[in-house]
Amino acid sequence: MQKLKTMQRIIDCGIVAVVRAEGPEQALKIAEAIKAGGVEAIEIALTVPGAIDVIRELARAYRNGEILIGAGTVLDAETARAAILAGAEFLVSPCLNLDMIKMCNRYQKVSMPGAMSIKEVVEVMEAGGDFVKLFPGSAFGPEMVKAIKGPLPYAPLVPTGGVSLENVAEWIKAGCEAVGVGGELTKGAKTGNYELVTETAKKFVEAIRAARK
């Protein structure tokens, strides 16, 4: 039941914030700024130094489920288990790894493996992936979603990379369940401007709501 609730929260919000940072302190500040902007699903990329500790700290700080904590760049079952035990509710990968999906299913956590082609999208769904991370989105654009939705209207797509405030409405209207946004959302953190991160998060949330109407 919890897994279904997690999936629905990701769909309802419509955006997964991808956090990459130079260290744990900056990652926590970015996550807090994103939450203040109304984005519930926050993915901590495991390329962040001390990423597992960041996930654990966020799980402690928001133990009542105020946000959905995810782990990104998960490449194998061992990393998936470490992230899950630290408190991750959803796991994202740039590619398909069967053992990662099995681990997510074992602990009833949401999986979002990556795919680049219709063949790979089908493989992710056949393997039991909950969402399909269309990656890199910048290589395709919203038209790719329409192309995939032709033969696979039920494919649960979440494009990441290439999603901006200017085109997020196109992605949503094309049929995406949600979108993944990293640098376009968190760029203010590079200069310590976390207020900009919050304002940008608000704009993404508003743009997605408007597109769905």
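Me: What lines the largest pocket in this predicted model?

Reply: Its lining takes in V18, R20, A21, E22, Q26 and I30, plus G182, G183, T186, K187, A189 and K190. Two elements, α2 (24-36) and α9 (183-186), each give two or more residues to that lining. As for space, the pocket holds about 220 Å³.

Me: What makes the lining of the largest pocket nonpolar, polar or charged, by class?

Reply: It has four nonpolar, four polar and four charged residues. Gly counts as polar, so G182 and G183 go in the polar class. R20, E22, K187 and K190 are the charged ones, because Asp, Glu, Lys and Arg count as charged.

Me: Why is K149 said to have no salt bridge?

Reply: The nearest side chain of opposite charge, E177, is 4.4 Å away. A salt bridge needs the side-chain nitrogen within 4 Å of a carboxyl oxygen, so the pair doesn't qualify. K149, which sits in helix α7 (residues 142-149), is buried all the same.

Me: What does the side chain of K149 have as a polar contact, then?

Reply: The backbone oxygen of A155, 2.7 Å from a polar atom of that side chain. The cut-off is 3.5 Å, so this pair counts.

Me: How do you know that the side chain of N97 makes polar contacts with L75 and M100?

Reply: Same cut-off, 3.5 Å. The backbone oxygen of L75 lies 3.2 Å from a polar atom of the N97 side chain, and that side chain reaches the backbone nitrogen of M100 at 2.9 Å. Both values fall within the limit, so both are polar contacts. N97 itself is in the loop between β4 (90-92) and α5 (98-107).

Definitions and conventions. Residues are numbered from 1 along each chain as its sequence is written. This is a predicted model: local features need pLDDT of at least 70, side-chain atom pairs count only at pLDDT 80 or more; totals for chains, interfaces and linings use all residues. Side-chain values use heavy atoms; hydrogens and water are left out. On a 1 Å grid over the protein atoms alone, a cavity is a set of points where a 1.4 Å probe fits but cannot get out, and a pocket is an open set with protein on both sides within 12 Å along at least five of seven lines; lining residues have an atom within 4 Å of a point. Grid points are joined across faces, edges and corners, and a volume is the space filled by probe spheres set on the points. Helices (H or I, at least four residues) and strands (E, at least two) are DSSP runs, numbered from the N terminus. Buried means under 20% relative accessible area, exposed over 50%, partly exposed in between (1.4 Å probe, protein chains only). Lys and Arg count as positive and Asp and Glu as negative; His and the chain ends are not counted. A polar contact is a pair of N or O atoms within 3.5 Å; within protein, one must be able to donate a hydrogen and the other to accept it, and residues adjacent in sequence count only if both atoms are side-chain atoms.
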